[in-house]
Amino acid sequence: MRDFGVKAKLAQDFVGYIGTPASFRQLFLTEKSGPSERYQHRLYRPEEIRAQRLKLLGYSEQTIRPKEMPPIINCRMTKGGTGKTTVAANIATALSARGHRILMIDGDPQASLTSLFGIDWSAEDITHIGELMLRNYKGRAVNIKEAVRPVFGAGMLDLIASDISLASADSWLLGATGREKMLKRLLDAQLDFFSRYDAIIIDSPPGLTPLANTLMVPCKTILAITELDGYSMKAMHVLDTNVQEINSAFDDVNIDVIVVANKYHHGMKSREAALERLGLAYGDRIYEYPLPEAESFKKQMSSTSPEKSGTVLEREPNSVAAKEIIKLATWLVRFFDIKIAGVSTIPTKARASA
């Protein structure tokens with residue numbers, strides 16, 4: 001489990017508190033607060049930010065929340081290397097830091113998301129999403145809690161990890177009846193578990209595999225992560241066709257696509273032209289602030305000490321990359337209406353009562 005928190009200024013933004021910095025810090029003081037907790041430079045953990053957001057909204061964690069499936073954000077692209085894992089990991093971190101309880105599902109046999117959070121899948125016993133779906137399909141005990149790896153404390157960021165054996169899911173899915181709805185069946189069967197989270201974020205595999213299709217079917221909207229090059233533009237067309245085929249195959253499935261452009265270079269005419277083409281094709285379904293190609297993203301994975309790998313908000317919270325991810329996460333909260341314990345956080349600003 002990782003020790004993660006943000007400094008006071010960022011914590012105040014995440015809570016949505018519009019008072020002074022001094023009065024904000026007072027919100028976190030208790031009779032048990034030690035001297036070190038009174039300093040401006042303490043770190044505020046996601047569960048603390050969550051508690052204050054609920055309090056300012058007039059609720060608590062004991063508020064009875066509806067037992068319903070939270071929004072599912074599936075980071076998807078039919079080709080590899082576009083940065084979907086980076087985006088999935090970073091928006092999950094940012095949403096958790098804002099006080100949302102997040103579950104990540106590593107749906108890629110390459111297990112990059114798992115590795116990014118310091119888990120050595122080659123040396124650990126992993127129960128991945130493919131195994132959970134298979135158990136549910138076969139009518140065996142799922143034991144889903146045993147598959148979940150806590151990333152941040154208090155259940156604020158959890159992960160269903162992956163390893164290379166997830167690739168075998170494509171084989172058994174091909175022979176399974178109703179294979180496209182295997183994840184949907186698991187989610188429905190384990191609603192008590194999944195409804196505890198405020199959002200589920202999936203890092204999907206590239207390609208047009210049975211596993212990739214299965215991970216898409218329960219989603220209302222796919223978050224397509226694309227670079228601004230010719231290969232990625234063609235891959236966007238392939239993804240659109242893939243989504244249309246799935247929608248046509250099932251009367252109760254109607255997946256939409258929204259686009260996040262990644263690795264953007266301002267001033268590069270080819271990428272600006274590609275961004276313009278995406279804008280014409282997708283209109284208001286494209287996120288208007290493309291993510292930059294930043295050095296901070298490249299330094300997330302440590303080659304010498306895997307346990308030190310981590311997202312930009314963990315490693316470089318003041319970087320341009322971190323600020324852009326926070327902006328994207330804030331947009332996603334509004335687009336998907338991501339709640340906290342079933343309570344809408346829109347509008348996001350509030351002042352503590354006297």
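# A walk through the pockets, strands and rings

H1 gives the most to the lining of the second largest pocket, with 4 residues. That's a handy place to start in this predicted model. Helix H1 covers residues 8-15, and H15 (312-315) and H16 join H1 in each supplying at least two residues of this lining. In total, 19 residues line the second largest pocket, and those nearest its centre are Val-6, Lys-7, Leu-10, Pro-317 and Asn-318. The volume comes to about 470 Å³. Sorted by class, the lining of this pocket has 8 nonpolar, 8 charged and 3 polar residues.

Now for the largest pocket, which holds about 540 Å³ of space. Look for Met-69, Pro-70, Pro-71, Ile-72 and Lys-220: of the 23 lining residues, these lie nearest the centre of the largest pocket. Helix H9 (182-189) makes the top contribution to this lining, at 3 residues. Helix H16 (320-336) is also there, since H9 and H16 each supply at least two residues of the lining. H16 is worth remembering, as it supplies at least two residues to the second largest pocket too. By class, the lining of the largest pocket has 12 nonpolar, 3 polar and 8 charged residues. As for how such spaces turn up, rolling a probe the size of a water molecule over the atoms shows where empty space is left.

Ile-72, one of the residues nearest the centre of the largest pocket, is also where strand S1 begins, as S1 runs over residues 72-76. Follow S1 across to its partner: S1 and S5 run parallel and are joined by 4 bridges. One pairing to pick out is Ile-73, whose bridge partner in S5 is Ile-201. S5 also pairs with strand S2 (residues 102-106), again in the parallel sense, over 5 bridges. Here you can find Ile-105, with Ile-202 as its bridge partner in S5.

So how many of the 5 residues of S5 are buried? The count is 5 of 5 across residues 199-203, so the strand is largely enclosed by the rest of the structure. Its side chains split two ways: Ala-199, Ile-201 and Asp-203 point one way, Ile-200 and Ile-202 point the other way, and all are buried. Note that Asp-203 is in that buried set as well.

Next, the cysteines. A disulfide is a covalent bond between the sulfur atoms of two cysteines. How many disulfides does the structure hold? There are 0. Cys-75 is in no disulfide, and the nearest cysteine sulfur, that of Cys-219, is 9.9 Å away. With a cut-off of 2.5 Å for the two sulfur atoms, that separation of 9.9 Å leaves the two cysteines unpaired. Cys-75 is buried, at 0% relative accessible area. Cys-219 counts as buried too, with a relative accessibility of 4%.

On to the aromatic rings. A search of the whole structure turns up 12 aromatic pairs. Take Phe-193 and Tyr-197: their ring centres are 5.6 Å apart and their planes sit at 70 degrees, so the pair is edge-to-face. Both Phe-193 and Tyr-197 are buried. Tyr-287 and Trp-331 make a tilted pair, with 5.1 Å centre to centre and 55 degrees between the planes. What does this pair tie together? Tyr-287 lies in the loop between helix H13 (269-282) and helix H14 (295-298), while Trp-331 is in helix H16, so the pair ties together parts that are 44 residues apart in sequence. Is Tyr-287 buried or exposed? Tyr-287 is buried, with a relative accessible area of 2%. Trp-331, on the other hand, counts as partly exposed at 23%. Ring pairs link Tyr-287 and Trp-331 with Tyr-289, Phe-335 and Phe-336 into a cluster.

Two backbone spots round off the tour. Most residues other than glycine have a negative phi, and most peptide bonds are trans. Ala-154 isn't a glycine, yet has a positive phi of about 60 degrees. You'll find Ala-154 in the loop between strand S3 (148-152) and strand S4 (157-160). Asp-337, also a residue other than glycine, has a positive phi near 50 degrees. Asp-337 lies in the segment after H16, and is partly exposed, with a relative accessible area of 29%.

Technical notes: Residues are numbered from 1 along each chain as its sequence is written. This is a predicted model: local features need pLDDT of at least 70, side-chain atom pairs count only at pLDDT 80 or more; totals for chains, interfaces and linings use all residues. Side-chain values use heavy atoms; hydrogens and water are left out. Buried means under 20% relative accessible area, exposed over 50%, partly exposed in between (1.4 Å probe, protein chains only). Two strands pair if DSSP finds at least two bridges between them. On a 1 Å grid over the protein atoms alone, a cavity is a set of points where a 1.4 Å probe fits but cannot get out, and a pocket is an open set with protein on both sides within 12 Å along at least five of seven lines; lining residues have an atom within 4 Å of a point. Grid points are joined across faces, edges and corners, and a volume is the space filled by probe spheres set on the points. Ala, Val, Leu, Ile, Met, Phe, Trp, Tyr, Cys and Pro count as nonpolar, Asp, Glu, Lys and Arg as charged, and the others, Gly among them, as polar. Rings of Phe, Tyr and Trp (its six-membered ring) pair if their centres lie within 6.5 Å; planes under 30 degrees apart count as stacked, over 60 as edge-to-face and the rest as tilted.
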